[in-house]
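User: Could you take a close look at one part of this chain for me, the nonpolar core, and show how it sits in the rest of the fold?

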Amino acid sequence: MLIFWSTKNKVNRLQDGRKETHKCSACGKTATFFQCEVDKGVKLYGVVTLFGSQQKVMQCGECLALYKDEEDEKAIRAEAERLAKEEAKREAERQRIKDEEYKQREAEVDDELAQLKKNLGK
Ligand SMILES: [Zn+2]
């Protein structure tokens, strides 16, 4: 299922983008859809990009209606999940190192105390 995408943003058809054949719900024709890139960036005075990203959409070759590119969104979601997992792993590793350092310090303090006791005992 294609989800209609309405935008007034600039659309660039990708040279090496995907091509798919779908029935277009806008013009009712079975048409070739071309993968395009939409510049979602909000430009300040048309120069400075404040925020935003390049988003991929599929464009009907007949009537130029734009649809969300589900494949691209899936890829983006998968990438975000992968990064989140990696970050969780890094966080766990940081915690492990912190725990080890803590244990190390505790051991050092114990040694020092033992040494002090020994010295006092003499
Ligand atoms: Zn169409």
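Analyst: Here's a walk from the overall layout to the core, and then out to the helix and one loop residue.

Keep in mind that this is a predicted model. The chain has one helix and eight strands, and the order from the N terminus is β-β-β-β-β-β-β-β-α. Burial is limited: of the 122 residues, 11% count as buried. Among contacts with a separation of 6 or more, 49% come from residues 24 or more positions apart.

Now the core itself. The largest nonpolar core has 11 residues: C24, A31, F33, C36, V38, V57, M58, C60, A65, L66 and Y67. At least two of them come from each of β4 (30-39), β7 and β8. β4 is the top contributor, giving four residues. As a general background, nonpolar side chains in soluble globular proteins tend to be buried together.

The helix is another story. α1 covers residues 70-121 and is hardly covered itself, as zero of its 52 residues are buried. Its geometry checks out, though: at 1.5 Å a residue the helix should span 76 Å, and the end C-alpha atoms are 75 Å apart, so the two values agree.

One last spot to zoom in on is L64, in the loop between β7 (54-60) and β8 (66-68). L64 counts as partly exposed because it has 15 C-beta neighbours inside 10 Å, where buried would take 20 or more. Its backbone deserves a glance too: phi of L64 is near 70°, a positive value in a residue other than glycine.

Conventions:
Residues numbered from 1 in each chain as written. Predicted model: local features only at pLDDT ≥ 70, side-chain atom pairs only at ≥ 80, totals over all residues. Helix = DSSP H or I, 4+ residues; strand = E, 2+ residues; numbered from the N terminus. Buried ≥ 20, exposed ≤ 12 C-beta atoms within 10 Å, placed from the backbone. Contact = placed C-beta atoms within 7 Å. Expected span 1.5 Å × (residues − 1). Core = buried A, V, L, I, M, F, W, Y, C linked by C-beta atoms within 7 Å.
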